[in-house]
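I opened my notebook to look at a few details of one protein chain, and I wanted to write down each thing as I looked it up.

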Amino acid sequence: MRVDPFGGARQQQGRPRRGFGGIRWWILILFAGYAAWSWFGSAKVDPYTGEQAHYGTSAEEEVQLGAQAFQQVLGDANAQGALLPANAQASQEIRQIAQRLIERVPQVTAALAAQNQQQAPTDHQTFQWDVAVIQSDQANAFCLPGGKMAVYTGLIPIAQTPDAMAVVMGHEIAHALLRHGSQRMAQQKLVQMGQMAAGMAVGGMDPQQQQAVMAALGAGAQYGLILPYGRNHETQADKVGLMLAAAACYDPKAAIPLWERMSQLGGGERPPEFASTHPDPANRIQVLQGLMPQAEQYRAQFCGAGAASTAAN
């Protein structure tokens with residue numbers, strides 16, 4: 001007997017062939033049809049970027065998921081005694097920055113949508129904005145779907161200034177506005193369906209062949225889809241976040257030294273860009289430099305032509 005990768009075991013003595021190969025092909029066709037319907041059926045033009053985007057859940061569901069995740073984060077921080085009180089100086093400073101950014105969300109949303117000849121989205125109107133400051137050595141921050149934010153104190157000495165902190169927080173808010181969480185869910189669903197279809201296709205191979213094929217397909221999905229998708233999201237959030245910080249009257253030029261400092265974290269060692277979810281710092285800085293004229297226009301539009309970098313109201 002010999003092994004056929006799609007038809008399974010096939011006898012060579014002229015006996016009638018079983019029909020499982022044909023069934024497998026029909027299953028693969030159905031998988032492909034459903035994947036295409038699910039992927040292209042969720043396609044919309046992102047009003048913030050003008051690019052095609054795919055969403056795996058509704059905006060309302062995102063808000064609920066974000067609120068649940070935030071409660072888990074707060075619970076863990078409370079249990080560790082790491083959640084700073086609202087009257088702590090760091091909490092007050094971070095909340096002031098967040099408030100200024102949030103106030104500019106409607107204007108920046110409308111401006112970017114008009115630039116891309118799209119109707120301004122209203123999803124942000126249902127956001128339940130909040131920000132927590134957590135004592136930690138991590139130089140990190142995030143904004144969950146629905147507007148729940150956290151900033152770790154390890155980021156403060158890296159940011160150094162309110163302008164740079166506003167750039168980071170604007171970037172994180174942009175991820176929520178762009179609904180990147182929902183887009184990742186759609187992508188993950190597509191990858192999972194592809195893996196299921198591939199597993200069906202190689203069912204007739206010997207175990208070593210199956211392992212080799214699935215490993216190759218997994219690497220292809222990782223480097224050809226998942227990682228580029230993540231890097232594109234980071235670039236999108238850089239742009240939208242920079243415009244948001246500028247419109248909130250922070251100095252967008254603070255983004256350049258910020259990312260230079262960020263690039264030195266961990267001794268400056270990082271994987272090559274093609275193997276990372278984030279753009280290479282040098283490429284990131286180059287993109288940000290190219291966005292500076294537009295950011296300065298936003299700053300002049302919302303803060304006056306003579307706007308200067310401010311650390312507080």
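Before I start, I note that a residue counts as buried when its relative accessible area is under 20%, as exposed when that area is over 50%, and as partly exposed in between. I also keep in mind that this is a predicted model.

**Entry 1, helix 9.** I looked up helix 9, which covers residues 281-303 and has a kink of about 45 degrees at Met292, shortly before the proline Pro293. Met292 is itself on the list of buried residues in this helix, which also includes Pro281, Leu288, Leu291, Tyr298 and Phe302. At the start of the helix I found that a side-chain oxygen of Asp280 comes to within 3.0 Å of the backbone nitrogen of Ala282. Just after the helix, Gly304 has a positive phi of about 100 degrees.

**Entry 2, the disulfide.** How many disulfides does the structure hold? I found one, and I reminded myself that a disulfide is a covalent bond between the sulfur atoms of two cysteines. The partners are Cys249 and Cys303, with their sulfur atoms 2.0 Å apart. Because Cys249 lies in the loop between helix 7 and helix 8 while Cys303 lies in helix 9, the pair ties together parts that are 54 residues apart in sequence. The torsion about the S-S bond is about -100 degrees, and the disulfide is therefore left-handed. I then checked Cys303 for exposure: its relative accessible area is 23%, so it counts as partly exposed. For Cys143 I noted a value of 9%, which means that this cysteine is buried.

**Entry 3, positive phi values.** Most residues other than glycine have a negative phi, and with that in mind I wrote down two residues. Cys249, the disulfide partner from the entry above, has a phi near 75 degrees, and its loop runs between helix 7 (207-247) and helix 8 (255-262). Gln117 has a positive phi of about 55 degrees, although it is not a glycine, and I located it in the loop between helix 3 (89-115) and strand 5 (130-134). Is Gln117 buried or exposed? Its relative accessible area is 74%, so I recorded Gln117 as exposed.

**Entry 4, two helices that cross.** Last, I looked up how helix 3 lies against helix 5, which covers residues 162-177, and found that their axes come within 10 Å and cross at roughly 50 degrees. The two helices are therefore oblique to each other, and I noted that their crossing is right-handed.

Note on methods:
Residues are numbered from 1 along each chain as its sequence is written. This is a predicted model: local features need pLDDT of at least 70, side-chain atom pairs count only at pLDDT 80 or more; totals for chains, interfaces and linings use all residues. Side-chain values use heavy atoms; hydrogens and water are left out. Helices (H or I, at least four residues) and strands (E, at least two) are DSSP runs, numbered from the N terminus. Buried means under 20% relative accessible area, exposed over 50%, partly exposed in between (1.4 Å probe, protein chains only). The bend at a residue is the angle between axes fitted to the seven residues ending there and the seven starting there. A polar contact is a pair of N or O atoms within 3.5 Å; within protein, one must be able to donate a hydrogen and the other to accept it, and residues adjacent in sequence count only if both atoms are side-chain atoms. A disulfide is a pair of cysteine sulfur atoms within 2.5 Å. Axes are lines fitted to C-alpha atoms, for helices over the stretch in contact, and angles run from 0 to 180 degrees between N-to-C directions. Angles under 35 degrees count as roughly parallel, over 145 as roughly antiparallel, 65 to 115 as roughly perpendicular and the rest as oblique. A crossing is left-handed if the near helix is turned anticlockwise from the far one by less than a right angle, and right-handed if clockwise.
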